[in-house]
Amino acid sequence: MHDILNQDDLYLLVDEFYKKLLSDDSISYIFTDVVKIKIEEHLPILVTFWSQAILGTGGYTKNLTQIHLDVNAKEYLSPELFKIWLNHFFTTVDENFKGEKAEQIKTQALSIGTIMQIKIAQEKGKKM
Ligand code: HEM
C-alpha cells in the first residue's frame, strides 16, 4: 500500500468513498434526493478540491462551507450524518493508502467537517 501521490490516487479515493456513501441508506438520500448530484461531474470537482488541499495544486475557488450551508437549508445535516460521512471517508483512506498524505487528508476532513458543523449549529441558533 502506498501514499496518496497524485490526482489518479485522489480519483480512486473519492470514487471508492462515494460508492460507500451511496450504498449507505442512512446518508445516500442527501446525494440522490435532497441534491441530485451527477456523479460523473461531481467526482472531478472533489478531486480538484482535495488536490488543492493536500497536493497544493490550486484550482478550487468555491466556498465549500456555504455550499454545505445551502444543503443544510434543504435538509438538516446532523452531527450523526457528519459522523457517518467521516467514518466512510476514514475507512476508504485506510483501505487504500498509507503515509503522510493519507494522514493529512483525514485530519483535514475532520477539521473542515468540524467547521461546517459549527456553522450549521450557528444557523440553527439563528432560527430559534
Ligand atoms: C454530513 C456530511 C456531508 C454531507 C451530507 C455532504 C453532502 C454534500 C452534497 C449534497 C454536495 C453537493 C452540493 C451541490 O452540488 O449543491 C456536496 C459537495 C461537496 N462536499 Fe460535501 N457533504 C458533507 C461533508 C463534507 C465534508 C466534511 C467535506 C470536506 C472535508 C465535503 C466536501 C465536499 C466537496 C469538495 C463538494 C463539492 C463542492 C462543489 O461542487 O464545489 N463534504 N457535499
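These exercises work through the fold and the ligand site of one predicted model.

Residues are numbered from 1 along each chain as its sequence is written. Local features need pLDDT of at least 70, side-chain atom pairs count only at pLDDT 80 or more, totals for chains, interfaces and linings use all residues, and side-chain values use heavy atoms, with hydrogens and water left out.

**Exercise 1. Describe the fold and the dimensions of the chain.**

Step 1. Count the elements, as DSSP runs (helices H or I, at least four residues; strands E, at least two) numbered from the N terminus. The chain has six helices and zero strands. Along the sequence the pattern reads α-α-α-α-α-α.

Step 2. Check the radius of gyration, taken over C-alpha atoms (globule rule: 2.2 Å times the number of residues to the power 0.38). A compact globule of 128 residues would come out near 14 Å; the chain has 15 Å, which agrees.

Step 3. Box the C-alpha atoms along the principal axes: roughly 50 × 25 × 25 Å.

**Exercise 2. Work out which parts of the chain surround the ligand.**

Step 1. Take the shell (a heavy atom within 4 Å). It holds 22 residues; the closest are Tyr60, Lys62, Leu64, His68 and Trp85.

Step 2. Assign helices. H2 (25-34), H3 (39-55), H4 (64-74), H5 (79-96) and H6 (100-127) each supply at least two shell residues. H3 gives the most, with five.

Step 3. Sort by class: 18 nonpolar, three polar and one charged. Here Tyr and Trp count as nonpolar, Lys as charged, and His as polar.

**Exercise 3. Find the polar contacts and the metal donor.**

Step 1. List N or O pairs within 3.5 Å. A polar side-chain atom of Tyr60 lies 2.5 Å from a ligand oxygen atom. For Lys62, the distance to a ligand oxygen atom is 3.0 Å. His68 places a polar side-chain atom 2.8 Å from a ligand nitrogen atom.

Step 2. Search for donors to iron (N, O and S atoms within 2.8 Å of the metal; 3.2 Å for Na, K and Ca). The only protein donor is His68 (NE2), at 2.0 Å. His68 lies in helix H4.

Conventions. Polar contact = N/O pair within 3.5 Å; in protein donor to acceptor, adjacent residues only side chain to side chain.
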